[in-house]
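Here are some short exercises to work through with the model open beside you. Try each task before reading its solution.

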2 protein chains.
Amino acid sequence: MDGKDLLRQHIAKTASLTDDEFDYFFSHFKSETFKKGQVIISEGDVVEKEYFVLSGCLKAFFVNDNIKMHILQFTMPTWWTSDYAALYNNTKATICIDCISDAEVLSISNEDREKICNELHQVEHFFRWRTNKGYVAAQKRLLSFMNNDAKTRYEELLALYPALYNMVPKHLIAAYLGVSRETLSRLYTSSK
Amino acid sequence: MDGKDLLRQHIAKTASLTDDEFDYFFSHFKSETFKKGQVIISEGDVVEKEYFVLSGCLKAFFVNDNIKMHILQFTMPTWWTSDYAALYNNTKATICIDCISDAEVLSISNEDREKICNELHQVEHFFRWRTNKGYVAAQKRLLSFMNNDAKTRYEELLALYPALYNMVPKHLIAAYLGVSRETLSRLYTSSK
C-alpha cells in the first residue's frame with residue numbers, strides 16, 4: 001500500500017471525505033525519508049510540522065542534565081508524532097525526535113493543518129478524535145507511571161506495541177520504562 | 001458572572017459562535033451542584049458526561065490495591081473533567097472524581113457533544129483545541145514525573161494552580177506529587 005492509501009485508510013476510520021476532498025487534503029502533505037539515527041527534531045528547534053509514519057520507527061525522547069535518556073513515545077506506522085507542546089504553542093522544542101530505523105513519513109505543517117481544518121469540517125473532526133485518543137493514551141501512561149511497577153509497565157508496553165521487542169534495541173525499551181538495562185533483562189526472563 | 005457567561009467567555013477564546021449558535025450549544029448543558037466530598041464518578045461507573053467547572057474544586061484520582069491514592073488532576077473553575085478514557089471508549093470508569101469543596105458545574109453528555117460538533121463546525125474546533133491543550137498538559141506532567149524530583153514537581157504544581165495551596169488539604173497535594181505528607185512539609189518549608 002502506498003503512503004496515500006495508508007493515510008486515506010487511516011482517516012476513513014474516523015472521518016468521511018470524498019475523493020476530491022481527500023486529494024485536496026493530501027496535497028498539503030510532503031513525503032520525506034529519513035535514515036536510521038537521523039534527527040528530525042532537536043531540543044531548541046522551531047517546530048513547524050507533525051509527522052504521520054508510513055514505515056520504520058521513530059522515538060520521541062529527552063536527555064536530562066545527568067545524561068539520562070527518557071523516552072516519551074515510540075512511533076510506528078500509522079501513528080503521528082511531533083513535539084506538540086512546541087508545535088501548538090509556537091515555542092521551541094523541549095524534546096527530540098529521531099529514527100530508530102530507516103523511515104518514511106508524510107509531514108504536514110501546523111499552518112496547513114489549521115487551514116484545512118477550517119476549510120473541511122471532516123478534517124477537523126478527524127484531528128479532534130486523533131488528539132482525543134492521544135490524550136487518553138497519555139493519561140493512561142501517566143497513571144501507569146504513578147502506580148505500576150516496572151514489570152506491569154513492561155507488559156503494558158508489549159501489549160501496546162506487539163512488534164516492538166524485535167524492532168527496538170533493549171536499551172531503548174529500558175529508557176521507555178525508566179529502568180536499567182539489567183532490570184529489563186530480569187523482566188524479560190520472568191515474562192517468557 | 002453566571003455560568004452561561006463564563007462558558008461563553010471560555011469558548012470565545014478559541015471559537016467564533018453567533019449568539020444563536022451559542023444559545024443552542026448552551027441548551028445542551030445541564031447545571032449541577034455538588035457538596036464537598038460528593039462523588040461524581042466512581043470506579044466501575046458508566047461514564048456519560050463531562051463537566052465544566054464554574055466554582056469549587058474537583059479531583060480525579062484512583063486508589064490502588066495498597067489503598068494508596070494517586071491524584072491525576074485537580075479541576076478548578078473554567079477547566080473540564082471526566083474519565084475521558086471511559087467517556088470516549090464507552091468503557092467503565094477506572095478513576096474516581098469527587099469534590100474537594102462545594103462545586104457548581106455545567107455537564108454535557110458525550111452524545112450531545114458529538115451531535116453539536118457535527119452540527120456546528122466551530123464547536124468541533126473548540127473541542128479540538130481544548131483536547132490539544134489537555135494532551136500537551138498530560139505529556140508535560142508525564143515528562144515531569146519521569147524526570148523531575150519532588151521539589152521541582154511541587155514548584156510546577158504551584159505555578160499551574162497558584163490558588164491551590166489555600167484551597168486543597170495538604171495530604172491531597174502530597175497525593176498529587178506522589179510523596180508522603182512529611183516530604184511535602186519539607187518542600188513547603190524549603191520553598192518559602
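**Exercise 1. Salt bridges**

How many salt bridges does the count come to over all chains? Then look at one that lies within a helix and one that joins the two chains.

*Solution.* Keep in mind that this is a predicted model. Step one: with the cut-off of 4 Å between a side-chain nitrogen of Lys or Arg and a carboxyl oxygen of Asp or Glu, the count over all chains is 22 salt bridges. Step two: for the helix, go to A:K115 and A:E119, whose side chains form a salt bridge with an N to O distance of 3.8 Å. Both residues belong to helix 4 of chain A, and they are four residues apart, about one turn of the helix. Step three: between chain A and chain B the count is four salt bridges. In one of them A:R128 pairs with B:E114, and the closest N and O atoms are 3.0 Å apart.

**Exercise 2. The interface**

Describe the interface of chain A and chain B by its area, its polar contacts and the elements that build it.

*Solution.* Start with the contacts: 36 residues of chain A touch 36 residues of chain B. The area buried between the chains is about 3700 Å², with 68% of it on carbon and sulfur atoms. A:R128, A:Y135 and A:M146 provide 20% of what chain A buries against chain B, more than any other three residues.

Next, count polar contacts: 20 residue pairs are found across the interface. Now turn to the elements of chain A. Strand 5 (69-75), helix 3 (84-89), helix 4 (110-119), helix 5 (121-147) and helix 8 (170-177) each give at least two residues to the side that touches chain B. Helix 5 of chain A makes the largest share, with 19 residues. Sorted by class, that side of chain A holds 20 nonpolar, 11 polar and five charged residues.

**Exercise 3. Symmetry**

Work out how chain A and chain B are related.

*Solution.* First, superpose the copies: a rotation of 180° with 0.0 Å of shift along its axis brings chain A onto chain B, at an RMSD of 0.0 Å. The two copies are therefore related as by a two-fold rotation axis. Then compare the surfaces: 100% of the interface residues of chain A are also interface residues in chain B, so the copies meet through the same surface.

**Exercise 4. An annotated region and a strand residue**

Find the region of chain A that carries a UniProt domain feature, then follow B:K30 to its contacts.

*Solution.* An unreviewed UniProt entry places the feature "domain: Cyclic nucleotide-binding" at residues 13-116 of chain A. Over this stretch the chain is 20% helix and 39% strand, and its end C-alpha atoms lie 18 Å apart.

In chain B, B:K30 sits in strand 1 (residues 30-34). Leaving out residues up to four places away in sequence, B:K30 touches B:K49, B:V105, B:L106 and B:S107. B:K30 and B:S107 are 77 residues apart along the chain, while their C-alpha atoms are separated by 5.2 Å.

Notes: Residues are numbered from 1 along each chain as its sequence is written. Chains are lettered from A and ligands numbered from 1 in the order in which they are written. This is a predicted model: local features need pLDDT of at least 70, side-chain atom pairs count only at pLDDT 80 or more; totals for chains, interfaces and linings use all residues. Side-chain values use heavy atoms; hydrogens and water are left out. Contact means heavy atoms within 4.5 Å. Buried area is the accessible area (1.4 Å probe) that two parts lose on being put together, summed over both. A polar contact is a pair of N or O atoms within 3.5 Å; within protein, one must be able to donate a hydrogen and the other to accept it, and residues adjacent in sequence count only if both atoms are side-chain atoms. Ala, Val, Leu, Ile, Met, Phe, Trp, Tyr, Cys and Pro count as nonpolar, Asp, Glu, Lys and Arg as charged, and the others, Gly among them, as polar. Copies are superposed by least squares on the C-alpha atoms of residues with pLDDT of at least 70 in both. UniProt positions are given in the numbering used here, feature names are shortened, and annotations may be inferred rather than shown by experiment.
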